[in-house]
Amino acid sequence: MSLSDEGGYGGDQRGSEPGQTRTRLPDGGGDLYGSGRRSRAGLSSRNLVTIVGVVVLLIAAIAFANRSGGGGSGDTASSDAPKGADAQPTAPTGTKPVTGKNGSIATGFAKTEQGAQSAAANYAVALGSERMFKVAGRHEIVDAVYAPEAATKLKGPQDKAYSTSFLAKLGLNAAGNAPRGKTFISRTIPVGTKVEKFQGGSAKVSVWYTGLIGMAGTGSTDPVRTDWKTWTFDLAWTDGDWKVAADAQKDGPAPVSGDIPASGAGEMSKAVQDFGGFTYAR
């Protein structure tokens, strides 16, 4: 009697000769081992489909998050900060800071709070540069930064303020040039901006900044030093851009001086020549 007659393997077939290998052919009727192998193959296919589905969902989620993330587009970014909100100096607004330049001064600021802040920061840089100590450079900056009426009124008093005696105290000659072998340094570095008032075509923006001013070179009697001030600008929207209608400065806020030793004249002269400035944007 064969094992198949007892139903132990249900589809077993053997050869008639002794010692011949038995081949088990699984049938559809409840073979425990056969069904286990079929089940394992089926799970493998389903797992593959599941994994592919999860990957597709993750890719879709990442793409959606990147597209809808804050500040990615200038069209969707808000131009008005919430009232009473804390400053966010590292948060990008998504608004393009400028569209062009007038000489070395940025122009084409957006008619938003961010645009007004960007304009004020860049105007502070221009007005605090060494070009202000020469007549031609000063007039060019004033014409670019101030509203026409304000520029006309300002040039005369400024020319008197930058007198020969004032320039001499800084080590400059009457034309605003430094002696041979020395480098005159005057830079404004904005630390932050604050909107004091904003309404349509007018804005009042304060720029907190640190500055460098002095003469670098052997034998200088006016070494380069730092100061801390706040520069407040009344801005008016004029001919498609922000222009300064009036401005004022005050000292501070100033931090405690650090313990870093002062650099030598040669190092300072090289630094001002090697390190360029920035176009600032809020």
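Here is a friendly exchange about how the terms used for this predicted model are justified.

Me: What makes up the protein, and in which order do its elements run?
Reply: The protein has six helices and eight strands. Starting at the N terminus, the order is β-β-α-β-β-α-α-α-α-β-β-β-β-α. About 17900 Å² is exposed, with carbon and sulfur atoms supplying 56% of that area. Of the 282 residues, 28% count as buried.

Me: Why is T238 called buried?
Reply: Its relative accessible area is 19%, and buried means under 20%, so T238 is buried. T238 belongs to strand β7, which covers residues 225-238. Leaving aside residues up to four places away in sequence, T238 touches A147, P148 and K243.

Me: How do you know that E140 and R131 form a salt bridge?
Reply: Their side chains meet at 2.8 Å, N to O. The cut-off is 4 Å between a side-chain nitrogen of Lys or Arg and a carboxyl oxygen of Asp or Glu, so this pair qualifies. In general, side chains of opposite charge can pair when their charged atoms come close.

Me: Why are E140 and R131 each called partly exposed?
Reply: Partly exposed is what lies between under 20% and over 50%. E140 has a relative accessible area of 40% and R131 one of 27%, so both are partly exposed.

Me: What makes K155 and D143 a salt bridge, and where do they lie?
Reply: The closest N and O atoms of K155 and D143 are 2.8 Å apart, and the limit is 4 Å, so the name applies. The pair links distant parts of the chain, with K155 in helix α4 (residues 148-161) and D143 in helix α3 (residues 135-145), twelve residues apart. K155 is partly exposed at 22% relative accessibility, and D143 is partly exposed at 42%.

Me: How do you know that K153 and E149 count as a salt bridge too, and how are they placed in helix α4?
Reply: Their side chains meet at 3.5 Å, N to O, and the cut-off is 4 Å, so they count. Both residues lie in helix α4, four residues apart, or about one turn of the helix. K153 and E149 are both exposed. A search of the whole structure finds seven salt bridges.

Me: Why do you say that β5 and β6 pair, and in which sense?
Reply: Two strands pair if at least two bridges are found between them. Strand β5 (residues 183-199) and strand β6 (residues 202-216) have 15 bridges, so they pair, and the sense is antiparallel. One example is S186, whose bridge partner in β6 is I213. The two strands form a hairpin with two residues between them, and G200 in the turn has a positive phi of about 60°.

Me: What makes β6 and β7 partners as well?
Reply: They share twelve bridges, where at least two are needed, so they are paired, again in the antiparallel sense. Y209 stands opposite K229 in β7.

Me: Why are β5 and β8 said to stand at the edges?
Reply: Four strands form an open sheet in the order β5-β6-β7-β8, with antiparallel pairing. β5 and β8 (241-251) each have a single partner strand, so one side of each is left without a neighbour in the sheet. Neighbouring strands of this sheet are turned by 25° against each other on average, direction ignored. Helix α2 (residues 113-127) lies across β5, β6, β7 and β8, and runs at about 155° to β5.

Me: Why is G264 called partly exposed, and where is it?
Reply: G264 has 39% relative accessibility, between the 20% and 50% limits, so partly exposed is the right term. G264 sits in the loop between β8 and α6 (265-274). The C-alpha atoms of G264 and G217 are separated by 8.4 Å, although these residues are 47 apart along the chain.

Me: How do you know which parts to read with caution?
Reply: The mean pLDDT of the protein is 77, and 63% of its residues reach 70 or more. Over residues 1-42 the pLDDT is below 50, and this stretch has 26 contacts in the model beyond near neighbours in sequence. Residues 67-85 also have a pLDDT below 50, with 16 such contacts. Where pLDDT is low, the predicted coordinates should not be read in detail.

Notes. Residues numbered from 1 in each chain as written. Predicted model: local features only at pLDDT ≥ 70, side-chain atom pairs only at ≥ 80, totals over all residues. Heavy atoms only, no water. Buried < 20%, exposed > 50% of the residue type's maximum accessible area, 1.4 Å probe, protein only. Areas by Shrake-Rupley, 256 points an atom, 1.4 Å probe, with all protein chains shown as cover. Contact = heavy atoms within 4.5 Å. pLDDT = per-residue confidence, 0-100. Axes fitted to C-alpha atoms, helices over the stretch in contact; angles between N-to-C directions.
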